[in-house]
Amino acid sequence: MTHKRRIASAAALTTLMLGLTACNDGEDAASAQDSPSASAPASSDPGSKSPSADPSDDAAAPADGDVAAPGTKFKIGDRAVLPFKYGTDKKGTVAVTVTAIEKGAEADMASFGDKAKGMTPYYIRMKVENVGGTDLSYASLRLRGKLEGGGPTGVILIGDLPGKCDSETAPRDFTTKGASYETCSLSATKTDPIAVASFEEGDAYSDSPVLWTS
């Protein structure tokens, strides 16, 4: 199986963002010549072909626990109930428990190419539960890593590191209350350590994300 991997790096205090990628098909990463974007071979995971998650405030009401308000802060290990929307036809309520934020080694980033040199990866591990009991099969949920205090890392990664941080989509039977699966979101930094996991899906949460800290 091949895995899509992409890096976007943003300078602090600016809105300029450049897409950086790694290719495993033998092409020299330098051939991109600062192109805005380039792609590695796409994943065969069926969930990867669906539109990205875009929760809204009118997601289905939770069946177990109160929905966390935008800006709520949790500790790693805490369970947060959140509204969730994926694509145009999957909507419901999930509970996310961040179980760990693990530091990787710079060498783990080799598959992203030369432009990943100097980056340290962090693995945000989580459990996702179907709280509302709606059909969320093959949906994908991602958390972003942030620096201590909630500051941005300046790096956005798209993809995973097989065997170290596997970004899983919800299984086919993720359609009933209580169904769950485990997944991992990959983040990286060239500066301070990543110490926060951030849920930013949907307008309300993009402005005021739910955070997990140690």
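Student: How should one read burial in this predicted model, and does Asp-108 count as buried or exposed?

Tutor: A residue is called buried when its relative accessible area is under 20%. Asp-108 has a relative accessibility of 17%, so this residue counts as buried.

Student: Which side chain meets that of Asp-108 in a salt bridge?

Tutor: The partner is Lys-164, and the N to O distance is 3.6 Å. The two residues come from distant parts of the chain, 56 residues apart. Asp-108 belongs to the loop between strand 5 (90–103) and strand 6, whereas Lys-164 belongs to the loop between strand 8 and strand 9. In contrast to the buried Asp-108, Lys-164 is partly exposed, at a relative accessible area of 39%.

Student: How many salt bridges does a search of the whole structure find?

Tutor: The search finds 7. Another of these joins the side chains of Arg-79 and Glu-129, with 3.0 Å from N to O. This pair also links distant parts of the chain, since Arg-79 is in strand 4 (residues 79–86) and Glu-129 is in strand 6 (residues 120–130), 50 residues apart. Arg-79 has a relative accessible area of 33% and is partly exposed; Glu-129, at 16% relative accessibility, is buried.

Student: Which residues are linked in a network of salt bridges?

Tutor: The network consists of Arg-144, Lys-146 and Glu-200. Within this group, the side chains of Glu-200 and Lys-146 meet at 3.3 Å, N to O. Glu-200 lies in the loop between strand 10 (194–199) and helix 1 (203–207), and Lys-146 lies in strand 7 (residues 144–147), 54 residues away in the chain. Here the acidic partner, Glu-200, is partly exposed, with a relative accessible area of 21%, while Lys-146 is buried at 16%.

Student: Turning to covalent links, how many disulfides does the structure hold, and which residues form a disulfide?

Tutor: In general, a disulfide is a covalent bond between the sulfur atoms of two cysteines. This structure holds 1 disulfide. Cys-165 and Cys-184 form the bond, with their sulfur atoms 2.0 Å apart. Cys-165 is placed in the loop between strand 8 (155–158) and strand 9 (180–189), and Cys-184 in strand 9 itself, so the disulfide ties together parts that are 19 residues apart in sequence.

Student: Are Cys-165 and Cys-184 buried or exposed, and why is the disulfide described as left-handed?

Tutor: Both cysteines are buried. The handedness follows from the torsion about the S-S bond, which is about -100°; the disulfide is therefore left-handed.

Student: What order do the strands take in the open sheet?

Tutor: Strands of a sheet pair through backbone hydrogen bonds, either parallel or antiparallel. The open sheet here has 4 strands in the order 4-5-6-9, with antiparallel pairing. Strand 4 and strand 9 are the edge strands, as each pairs on one side only. From one strand to the next, the twist averages 40°.

Student: Over how many bridges do strand 6 and strand 9 pair, and which residue in strand 9 stands opposite Met-126?

Tutor: Strand 6 and strand 9 pair in the antiparallel sense over 10 bridges. Met-126 stands opposite Thr-183 of strand 9. Strand 9 also carries Cys-184 of the disulfide, and strand 6 carries Glu-129, the salt-bridge partner of Arg-79 in strand 4.

How values were computed:
Residues numbered from 1 in each chain as written. Predicted model: local features only at pLDDT ≥ 70, side-chain atom pairs only at ≥ 80, totals over all residues. Heavy atoms only, no water. Disulfide = S-S within 2.5 Å. Buried < 20%, exposed > 50% of the residue type's maximum accessible area, 1.4 Å probe, protein only. Salt bridge = Lys/Arg side-chain N within 4 Å of Asp/Glu carboxyl O. Pairing = 2+ DSSP bridges. Axes fitted to C-alpha atoms, helices over the stretch in contact; angles between N-to-C directions.
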